[in-house]
Amino acid sequence: MLRPAAYIKQPKKQSLHVPAGNRLEVKLLPMSTYISMFLRFLLQAFFLFLCLLSSVKNSYAKQAEAQCSDCHIVEVSSLLPPTVCNRTSTKVPNKASLEVVSKYGPCSTINEGKVKSPNYTEILHKDRARAKYIQSRIFKPKHSGSDDDDHLKRTKALTVGAVPFLSNGEFYITVSLGTPRQVVTLLLDTGSAITWTQCRPCLKCFKQKTPLFDPTKSSTYSSVPCRSKACLPDFEPTCGSNTCFYGALYGSGSSNGHVATEKLTIMKGSGKFVKYPYIFGCGTNNSADIDGVTGLMGLGRTPSSFISQTYQKYFSYCFPSSYGSTGYITFGKSDDDIKNKFVKFTPITTSPKQSLFYDIMVIGMTIAGKRLPVASSVYTKLETITDSGTTITALPPSLYVALRSAFRKQMSNYKMIKPVSELDTCYDFRSYDKVVIPKISFFFKGGVELELDVKGIMVVYKKDLSQVCLAFQTADADDPTFILGNSQLRGKEVHHDIVGQRVGFGPGGCS
């Protein structure tokens with residue numbers, strides 16, 4: 001007989017039995033362990049992020065390396081000044097040539113082989129004082145009134161606070177004066193007329209590394225009398241006790257003393273070049289400081305300059321692009337100069353009264369192969385000169401603004417930082433291996449192009465590469481002069497042909 005479902009015997013539910021030794025036990029780890037694992041993960045992720053960021057930052061340089069013909073692909077470390085002197089890349093062509101050394105670099109004897117970082121805040125300040133001096137000299141013939149009025153105008157133009165500054169030259173040569181020879185180190189200055197060095201007895205002298213020139217120890221030294229033809233107008237002479245005294249006023253200081261004649265000797269290897277008598281200033285009252293050198297060699301276009309006195313009428317120089325290398329200056333025209341088809345010349349502009357300076361005419365500028373959008377009238381109004389005594393080129397405001405705008409556009413892949421001193425376009429390159437810098441060129445009358453070395457475009461303001469700036473500054477609004485400074489001439493051979501009335505630019509033999 002069938003039973004109702006309720007009476008059907010249901011099987012008993014079986015429970016899972018796990019022996020005690022085989023039970024799964026879950027234990028929680030200490031909270032500190034979890035925190036440590038999480039921090040390790042974050043650290044690995046951050047490291048991966050930095051690698052990706054570095055890859056992205058340098059990808060622009062790698063892409064540009066294959067396709068950019070109007071830019072410099074630069075190893076960032078190469079922008080730093082070397083700490084070891086390298087003379088191997090420098091040629092000194094003939095016996096009338098001399099080695100040129102930066103007073104900041106390890107090749108400098110006045111630094112005893114140590115690197116002395118340039119103070120760009122001070123340099124820019126001196127450059128402005130220098131520009132005022134040059135402007136006063138260029139426009140001096142246009143002033144009306146008496147000589148006293150003109151001197152007053154010039155003195156006012158040169159006043160920069162209460163502190164005197166001296167010429168802002170960087171490159172110097174070593175020559176000898178006297179019999180027997182005494183070593184002097186002279187800054188090269190194409191914007192000065194005379195040569196002078198500090199002499200004993202010195203009423204007021206700045207510090208120098210070598211002994212002062214002592215006229216009493218030379219058998220060929222002679223003071224110049226007042227009525228002598230050697231008492232040249234370039235010395236702005238005054239007379240006392242029948243002795244010709246000179247007074248040299250520069251953009252940032254002065255030198256005063258006797259006008260004298262002496263034997264000047266240039267030594268190179270077994271050869272030598274001698275000029276006797278050589279007219280120079282024996283300075284016994286000198287202001288400010290020129291970083292250990294003894295004086296200055298004037299290379300301007302005047303009768304008292306070294307070039308005029310030696311009848312060479314031609315010289316060329318190459319300032320090294322790196323502080324760790326040396327350059328050269330050659331007096332006279334060598335066979336290499338005659339055969340050199342790579343040097344292109346632009347005429348020196350003429351005026352009723354011969355200028356002290358090497359005046360040339362700039363007609364344009366390009367950046368990354370493109371002309372700056374500046375009217376031609378801006379260039380024609382400029383008084384353009386090359387000046388080895390100026391460091392950073394100062395451009396008239398309208399021209400500088402156009403260059404700055406174009407440069408920033410080309411450098412848009414890099415983050416700008418706040419201005420440094422008077423340099424307003426600066427970058428932090430610490431996290432880059434390579435950077436891409438647009439090429440910049442000047443064009444002069446006659447179709448002459450001067451393409452700047454990368455170290456004439458960027459200047460390292462801080463050695464850790466956190467402040468690397470565009471190497472140009474803006475001139476005062478009322479300054480119509482365009483002064484091409486030595487930073488923009490680095491690594492190039494610059495030729496001065498006084499008879500031919502021209503200045504030439506070509507590839508340099510120094511780096």
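# Briefing: disulfides, salt bridges and helix α2

Cys85 and Cys107 are joined by a disulfide, with 2.0 Å between their sulfur atoms. The model described here is a predicted one. In the whole structure, a search finds 7 disulfides, and the structure also holds 12 salt bridges. The points below take up several of these links, then helix α2 and a nonpolar patch on the surface.

## Disulfides

- A disulfide is a covalent bond between the sulfur atoms of two cysteines.
- The link of Cys85 and Cys107 is right-handed, with 100° about the S-S bond. Cys85 lies in the loop between β1 and β2 (97–102), and Cys107 lies in the loop between β2 and α2, so the pair ties together parts that are 22 residues apart in sequence.
- The two ends of this link fall into separate classes of accessibility. Cys85 has a relative accessible area of 25% and is therefore partly exposed. Cys107, with a relative accessible area of 5%, is buried, because buried means under 20%.
- Cys202 is joined to Cys205 by a disulfide, with an S to S distance of 1.4 Å. The link of Cys202 and Cys205 is right-handed, with 75° about the S-S bond.
- Cys202 counts as partly exposed at 26% relative accessibility, and Cys205 counts as partly exposed at 30%.
- Cys426 is joined to Cys469 by a disulfide, with an S to S distance of 2.1 Å. With 105° about the S-S bond, the link of Cys426 and Cys469 is right-handed. Cys426 belongs to strand β21 (residues 426–427) and Cys469 to strand β26 (residues 468–470), so this disulfide ties together parts that are 43 residues apart in sequence.
- Cys426 is buried, its relative accessible area being 0%. Cys469 is likewise buried, with a relative accessible area of 0%.

## Helix α2

- Helix α2 covers residues 120–138 and has 19 residues. From its first C-alpha to its last, helix α2 reaches 26 Å, which is close to the 27 Å expected at 1.5 Å a residue.
- Asn119 caps the N-terminal end of α2. In this cap, a side-chain oxygen of Asn119 lies 3.2 Å from the backbone nitrogen of Thr121.
- The buried residues of α2 include nonpolar ones such as Ile123, Leu124, Ile134 and Ile138. Among the buried residues of α2 are also Lys126, Asp127 and Arg130, as well as Tyr120 and Tyr133.

## Salt bridges that involve helix α2

- Arg130 and Asp387 meet through their side chains in a salt bridge, at 2.8 Å from N to O. Arg130 lies in helix α2 and Asp387 in the loop between β18 (383–386) and β19 (394–395), so the pair ties together parts that are 257 residues apart in sequence.
- Both partners of this salt bridge are buried. The relative accessible area is 1% for Arg130 and 0% for Asp387.
- Salt bridges that share partners join Arg128, Glu422 and Asp476 into one network.
- Within this network, Asp476 forms a salt bridge with Arg128, and the closest N and O atoms are 3.0 Å apart. Asp476 lies in the loop between β27 (473–474) and β28 (481–484), while Arg128 lies in helix α2, so the pair ties together parts that are 348 residues apart in sequence.
- Asp476 counts as partly exposed at 27% relative accessibility, and Arg128 counts as partly exposed at 22%.

## A salt bridge between two strands

- Lys434 forms a salt bridge with Glu75, the closest N and O atoms lying 4.0 Å apart. Lys434 is part of strand β22 (residues 434–438) and Glu75 is part of strand β1 (residues 71–75), so the salt bridge ties together parts that are 359 residues apart in sequence.
- Lys434 counts as partly exposed, with 23% relative accessibility. Glu75 also counts as partly exposed, with 40% relative accessibility.

## A nonpolar surface patch

- Ile35, Leu39 and Leu42 make a nonpolar surface patch of about 270 Å².
- Of these residues, Leu39 lies in helix α1, which covers residues 31–67.

Technical notes. Residues numbered from 1 in each chain as written. Predicted model: local features only at pLDDT ≥ 70, side-chain atom pairs only at ≥ 80, totals over all residues. Heavy atoms only, no water. Helix = DSSP H or I, 4+ residues; strand = E, 2+ residues; numbered from the N terminus. Expected span 1.5 Å × (residues − 1). Buried < 20%, exposed > 50% of the residue type's maximum accessible area, 1.4 Å probe, protein only. Polar contact = N/O pair within 3.5 Å; in protein donor to acceptor, adjacent residues only side chain to side chain. Patch = residues over 30% accessible without salt bridge, like charges linked within 9 Å, V, L, I, M, F, W, Y side chains within 5 Å. Areas by Shrake-Rupley, 256 points an atom, 1.4 Å probe, with all protein chains shown as cover. Disulfide = S-S within 2.5 Å.
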